[in-house]
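Hi,

Here is the structure I promised to pass on. Have a look at it first, then read on for what turned up.

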Amino acid sequence: MKFLRAFLSTLAGMPKVAVGAVAIFLFLGIFAPWLTPHDPNAQDLLQANQDMSISHWLGTDHLGRDTLSRLIAAARTSVVGMSLVLILALSVGVTIGTIAGYRRGWVEEGLMRIVDVGLAMPSLIVALAVIGIFGTGYWNMILALALAWWPGSARISRAVAVNVMNRPHIESLRVLGASPLRIYFKHLLPTTLGAVLVYATADAGAVALAIATLSFLGLGIQPPTPEWGQMLVDALPYLEASPRQVILPGLALTAVVIGFNLLGEAVALNRVPTPLSAKILRKRQLTAALWTREAA
Amino acid sequence: MLSLVSRRVRNSLVLLVLATLLCFTLVVSAPGNIAVLIAELRSPNASFADIQKIEEELGLNDPIPVRYAGWLTGALTGNLGISYKTGEEVGPALASRIPVTAMLVAGGGTVALLLSLVFGFAGAMWPRHWPDVAGRGVALLGASMPSFFVGALLIYAFAVELRLVPTFGLAGPSSWILPWITIGLLPAAVLSRVVRVGLEEAMARPFALTAVAKGLNRRAILFRDALPNIAPTYINALGAQTGVMVVGAVVVEPLFAWHGVGDLFLTGIRFRDFMVVQACLLIFISFFILLNLLVDIGMIFTDPKLRRQGS
Amino acid sequence: MSTSSPILTVRDLCIDLFTARSALRPVDQVSYSVAAGETLAIVGESGSGKTVLNFAPLGLMPLGVSIHVSGSIRFDDKELVGMNDEALRKLRGGSIGVIFQDPMSALNPARTIRRQIAEVAELHLSLTSTQAEARALDLLKMVRMSDPEARLRQYPHELSGGLRQRVMIAIAIAAEPKLLIADEPTTALDVTVQAQIISLLKDLQKRLNMAMVLITHDMGVVAGIASRLAVMYAGRVMEYGPVQTVLTAPRHPYTMGLIDAIPRAEDLPGSAFRGLPGMPPVLGPPIPGCAFVERCRHAVATCETTRPLLAPTADRHVLAACPIVNRSSEALHAG
């Protein structure tokens, strides 16, 4: 639970807008089945392409499905897919990374060479190649994206693990005769996991984007399951008549990714000092002005 | 320096061989019998004998190393096999599509290069003033909007509503603009952040204070002192983003009905046309290896510490 | 002492420094002056405000802090306090040269030595780039670099610390400044190189007839090069006067402690280290009484409340901010 507390305390220092956007996304994703006003897949051709109304707040698509319900249901698709990809990628990445950081030597060399090759490739090409060979489908997409994302978490885990292993207290544990397994599971793994989880937050946006992109290409989530990228491509032929059906899923996706990207920026260490804000400067000047009065 | 470059070239060649092996293995290990697929393509009710004949034709019964050697010599001479879907030769089809993708990526790259330098530099020149705030806003948006959404919005605004440019196709300069912006926006966003953050970090280093002590103004310090220090980082990021753009062609080309390599690759994946997928992968991966080599050489030339190594 | 009138006169200089965390006063009513061809050494522990004192009024502050300067700095018949940025920028690198403590980080790693020196001459002497590069070569010869032609083509990481500091000096004197400010120019260097750099600075100062302000905490350096000495403690000048007098007969308890702490040749190996007891005060708001009161053996009750100002002592060339000790010494003389 140590890393959970660290994770939460990091979250407290994040930009509120970003935390809000991500929180809404996760909330909608988790509780989607109870939040959708209509069945997201119920077609009603008599109600097709409707404008905003009391019964359909955001209108309907070309098959008469309620857009708001589909947008909410799509959040769930995205949250579930994203979580699966990240869990798989992190498991592989953290395992490989900590082993490399723990063993060092040729094990590290070999593993990191593979990671480097993986990192040199844009992640989408890896995913596309896997889907190209094994075919489309939900699990193929999840596996393809996990395969594309593990090298990143492996590199971060290795960096953290090397850092942890170099700390003096690990050396003293070793001298005291703690078993390698104990060092690995009680000290190395929890610390690494905590750090990597924070970075995963920043990566989640890119994963959500990749799922939507694959679905847009028809290689990811298949109809009729609602998904933002797939909703967008579905509505694209009717762009001229009802642009709202294209813009809404795009906006939803963009908002989520902005949220995650802002979190990522906040996570990245900012080493450059920023000038004082006008407010703080005035406060400091006031403090200094009081000194001279005291002296006089 | 030369020894460093030649070492990088050698590494790249090794990687290239590994890449061909990988592409070959992918297809050999792909599920489904290729001969059956082809036989079905030629006649809907192919017999077992037909399938055996095709296996013989394609050399599918030869030992793996022989098949690899045959495939590789074919690939080197531009013979990349026959599409299972259309029956066309993949090599010429691919060759005719490369210029389209090249033009897309080159145009997008130019957009990214210009926007990132202008926004990144303006942001560092007037930090926390409006050019910086605007640049950062655009960068955040560009990095967060999926390219298919950007493309759709651009088509709606400029082609559908304003009717300034054609919605799709490849017909003269006015039809190039939207695809270029669509594919170049993400790299522009990422790179402008690289420039902005890199310059700011450089300006916080002690040598920037030395430059202030010399009496240089902020613009001169940014240009002369900070810029050379971010060159290696920028080249590295530019290389990575060029790779991202090449893959992005898979999304952008179909959106604007451009028939480039990305479009071909997507069709190949959709119809499980292995020869096409394999050929496109080979082209993509070879390009990435070449790109990484160019980036490495670029970094050797812009980083004095690397440049002097081994000379 | 100084034959000509001072080129730099600092009067009652106060600097308030504002950071994200707090407001503090690292420089509190400091006064001194330097004439052409003269060297003033400013000594003090780290955090005594000696770097802020010299760099903040010139606009040389790291990012993330704001400053407020009051008092007066007259340089070359111009007032620096309140001077606009553009006029100040013309002085920097032109009439005022600066040498930083760490030559490792003060030079740009991505540019050749040639360009880094030549651009100063281009800017302040209005030379063409060819002329400026010829001047860069002359400057490297002036700072006694071996093989100067080859050095010009090199990058900072290819030079040793001592050589880099010579490059830094060449940059500082490129426009023949009237005032050279050197911030601990030898601290980051090997002991053997330190002496060379000091003798080089001394030599250059004579040749160019510069005024020099040397910031240091090394009393050995002070004795070797400076003509006058200002001892700083917690942002205030404690004692100010000719080097020989101050070093041999200090008039302020802090200076006494500082000089007493220098290891001597006659010290037996393993003999106890003579340092000042206690720690200097953490910089913050101005201290109401004497800043040194916590560590002072001679402190009396009024030291806590009344701030002692710099005043002439028995030797009227020496000013000290300690009425207690100086009154008693006068009493001794009288007795």
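Let's start where chain A meets chain C: about 1,000 Å² is buried between the two, and carbon and sulfur atoms account for 73% of that. Three residues stand out on the chain A side, since A:Leu276, A:Arg284 and A:Trp291 together provide 61% of the area that chain A buries against chain C, more than any other three residues. Keep in mind that this is a predicted model.

How many residues does each chain bring to this contact? Chain A brings 13 residues and chain C brings 15 residues. On the side of chain A that touches chain C, you'll find eight nonpolar residues, four polar ones and one charged one. As for pairings across the interface of chain A and chain C, the rule turns up zero salt bridges, but there are four residue pairs in polar contact, both partners at pLDDT 80 or more.

Now for chains A and B. Two packed helices are described by the angle between their axes and the distance between the axes. Here, helix α10 (residues 244-267) of chain A packs against helix α6 (residues 130-144) of chain B at an angle of about 120 degrees, and their axes are 8 Å apart. The crossing of α10(A) and α6(B) is right-handed.

Which residues make that contact? From α10(A) come A:Thr254, A:Val257, A:Ile258, A:Asn261, A:Leu262 and A:Glu265, while α6(B) offers B:Leu140, B:Leu141, B:Ala143 and B:Ser144. Sorted by type, the residues of this helix contact are six nonpolar, three polar and one charged.

Cheers

How values were computed:
Residues are numbered from 1 along each chain as its sequence is written. Chains are lettered from A and ligands numbered from 1 in the order in which they are written. This is a predicted model: local features need pLDDT of at least 70, side-chain atom pairs count only at pLDDT 80 or more; totals for chains, interfaces and linings use all residues. Side-chain values use heavy atoms; hydrogens and water are left out. Contact means heavy atoms within 4.5 Å. Buried area is the accessible area (1.4 Å probe) that two parts lose on being put together, summed over both. A salt bridge is a side-chain nitrogen of Lys or Arg within 4 Å of a carboxyl oxygen of Asp or Glu. A polar contact is a pair of N or O atoms within 3.5 Å; within protein, one must be able to donate a hydrogen and the other to accept it, and residues adjacent in sequence count only if both atoms are side-chain atoms. Ala, Val, Leu, Ile, Met, Phe, Trp, Tyr, Cys and Pro count as nonpolar, Asp, Glu, Lys and Arg as charged, and the others, Gly among them, as polar. Axes are lines fitted to C-alpha atoms, for helices over the stretch in contact, and angles run from 0 to 180 degrees between N-to-C directions. Helices (H or I, at least four residues) and strands (E, at least two) are DSSP runs, numbered from the N terminus. A crossing is left-handed if the near helix is turned anticlockwise from the far one by less than a right angle, and right-handed if clockwise.
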